[in-house]
Amino acid sequence: MDRTRRHFRICLTRTMPRLTVLLPVLVFFLAGCAAVGPDYTPPQTDMPSAWHTPLDPALETREHLVLEWWKLYNDPLLTRLITEAATGNLGLKEAVARVDEARAQLGIALGEEVPSLDADAGITRYRTSKNNYGLGKTDTLYAPGVSASWEVDLFGRIRRSVEAAGAEFQATREDRTDVMISLYAQVARTYLNIRTYQARLAAADANIASQKQVLGLTRSKFKYGLATSLDVAQAERVLASSEATIPPLRIELSKSINTMAVLLGRQPGALYDTLSIPKDIPLPPQKATLGMPADLLRQRPDIRRAERQLAAQTARIGVAKADLYPSLSLTGSFGYESVNTNDLFEPASNVFAFGPSLRWNIFSANRIRNRVKAQDAVARQYMLRYESTVLNALNEVENALRAYIEDRVRLEALSRAVDAARRSVTLSTQLYKQGLVNFQDVLDAQRDQFSLENELASARGSSAANFVNLYAALGGGWNPDDPEALLPTLKETVFE
C-alpha cells in the first residue's frame, strides 16, 4: 500500500507542472466559445408618422410629455392623494417586491459564472470487523477540508441564463412603472368621480329647491281655485322623482371615497372627513401636449416590458439548445484525514483530488430538440404579444384623443343648453304666475333643467377624466431617462 501511494505521488509530481500550464489555456479556450442560440435583436416596429385623429387647437405636439400631469389641474388635494398612493398602495408595493425578487434571481444566475467553494469537516467514529480481514479496532477519523467546482461555460448555457434573468429583471421594473402609472390615473379618476357626484348632488338639490317653490305656488293657486288638483299632483310627482335620484348618487359618492382610501392603502372610510366636503370639479388645462406615435415605444412601460420579455425568452432558446452539447466541469478537493488530532495537519495527513468531468447527453429520444422547439414557439408568442401591445397602445391613444376632443365640444353645447333651460324655467314660472301658460309648460321646463344640469355635471367630470385617460394612454407620469424620479420611497405616511 505504501509503495502504491509513493508511486502515485511521484507520477503526480511529474505531471502537475504540465497540467498547471495547460489547464488555464484549455479553460480559456473553451470558455471563449460562442454561446449557442439566437442573438437577440430588438424588433423593428412600423409606427405611423402622425395620429389618425385630427388634432384641434387644444392639442400640440412636443418632444417630451409633462411628467407630473396631475399638477396641471391646480388641485393641491389631488396632488397629495397621488403622493400618498405612491407610498401606501399595496399593489405598487407588491410590484416593487417583484422587482426585488427578479434582482435576486439575476444574482443567482450571475453566481453560476464563478466557481463555488465549500468547506466541510467530519468526525467519524468507526470499528472494523475482525471477521472481515480487520483488526476489530475502534477508532475516530477526523477529516477537515475544502472542495471547489466550476462549470466551464462551453456553449453559453450560463451566459444565456444570465441574459434571460437580466431581461426579466428589466421587465419587472417596467411592470412596476406600469402599475405606478395606472395607479396615478386611477387615483385621479376616482377623485374626479367624487367631485362629479358632488356636483350632481348639488345640481339635484338646487332643482329640488326650485321644484318645492313651484309646488308651494301651485298649492297656493289651488287654494284660491286658480289651479287644479291635477297640477298639484303633477308637481308632487316631479318633486318626489327628483328626490329619488339623491340616494343612488350618495351611494356612488360613498363608494368612490372608500375606493380612494383603499387605493392609498388605508381602510375604507378613512378619508370620508377629508373628501366629503364638496368642491368644484377640477378642469384640465386649455392645452394638452402629446408626442408622436413613435414615442410610445419609449414612453409606454407595457411596450417596454413586452420587449424585455421577448429578449428574455430569446435567451432561453440558447439555454435549451446548450443541452445538445457537452458540458465540462472542473472539480477539486483538498483536506486532511487522520485518526489522531496531533498529526492531523501534518503533510502526511493531506488528501486531495481534482480533475475535469464531461457530460454529454448523446441519446435523449429527441426530448432536448423538442424543448428547443418549444422555447422557440414561446418566443414567437412573445413577439406576437409585443406587436399586440403596440397596437393596443395606439388604439388607446386614438380613442382617448377622440374622446378628449369630442367631449370638449359636447361640454360647450351642454353649457349653452343649461343656460337656455334655466331661462326657460324662470320665464315659464313667471308666465304661470300671470296665468299666461298652463302648468305643464312649467313642469316640462323643470324636467329639462334637471336633466341637462345633471348631464352637464357628468360631462364636466367626463371631460376632466378624458385628460387623465389621454396621459395614461401616452404613458405619461414618469421619465424613461430617470425611472426612479417619480417613485417615492415606499414608507408609511400620515394624511393630514
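Two helices count as roughly antiparallel when the angle between their axes is over 145 degrees. In this predicted model, that cut-off settles how helix 9 and helix 10 are arranged. Helix 9 spans residues 301-322, and helix 10 covers residues 367-433. Their axes approach to within 9 Å and cross at roughly 170°, and the two helices are therefore roughly antiparallel to each other. Sorted by class, the residues in the contact of helix 9 with helix 10 comprise 14 nonpolar, six charged and four polar ones.

A good place to look at this pairing is tyrosine 382, a residue of helix 10. Tyrosine 382 has a relative accessible area of 16% and is therefore buried, since the cut-off for burial is under 20%. Beyond its neighbours within four places in sequence, tyrosine 382 makes contact with Gln309, Leu310 and Gln313. For one of these partners, glutamine 309, the separation from tyrosine 382 is 73 residues along the sequence, yet the C-alpha atoms of the two residues lie 7.0 Å apart in space.

Aspartate 302 offers a second view of helix 9, the helix in which it is placed. Its relative accessibility is 12%, so aspartate 302 also counts as buried. The side chain of aspartate 302 is joined to that of arginine 300 by a polar contact of 2.7 Å. With residues up to four places away in sequence set aside, aspartate 302 touches Asp178 and Thr389.

Helix 11 is worth following from one end to the other. Asparagine 438 caps the N-terminal end of this helix, with a side-chain oxygen placed 3.2 Å from the backbone nitrogen of glutamine 440. The helix itself runs over residues 439-474, 36 residues in total. From its first C-alpha to its last, helix 11 reaches 52 Å, close to the 52 Å expected at 1.5 Å a residue. Just after helix 11 comes glycine 475, which takes a positive phi of about 85°.

The protein as a whole gives these details their setting. Its secondary structure consists of 11 helices and six strands. Of the 496 residues in the protein, 40% are buried, and both tyrosine 382 and aspartate 302 belong to the buried class. When contacts between residues at least 6 apart in sequence are considered, 83% of them join residues at least 24 apart. The pairing of tyrosine 382 with glutamine 309, 73 residues apart in sequence, gives one example of such a separation.

Terms used. Residues are numbered from 1 along each chain as its sequence is written. This is a predicted model: local features need pLDDT of at least 70, side-chain atom pairs count only at pLDDT 80 or more; totals for chains, interfaces and linings use all residues. Side-chain values use heavy atoms; hydrogens and water are left out. Helices (H or I, at least four residues) and strands (E, at least two) are DSSP runs, numbered from the N terminus. Buried means under 20% relative accessible area, exposed over 50%, partly exposed in between (1.4 Å probe, protein chains only). A polar contact is a pair of N or O atoms within 3.5 Å; within protein, one must be able to donate a hydrogen and the other to accept it, and residues adjacent in sequence count only if both atoms are side-chain atoms. Contact means heavy atoms within 4.5 Å. Axes are lines fitted to C-alpha atoms, for helices over the stretch in contact, and angles run from 0 to 180 degrees between N-to-C directions. Angles under 35 degrees count as roughly parallel, over 145 as roughly antiparallel, 65 to 115 as roughly perpendicular and the rest as oblique. Ala, Val, Leu, Ile, Met, Phe, Trp, Tyr, Cys and Pro count as nonpolar, Asp, Glu, Lys and Arg as charged, and the others, Gly among them, as polar. The expected span of a helix is 1.5 Å times one less than its number of residues.
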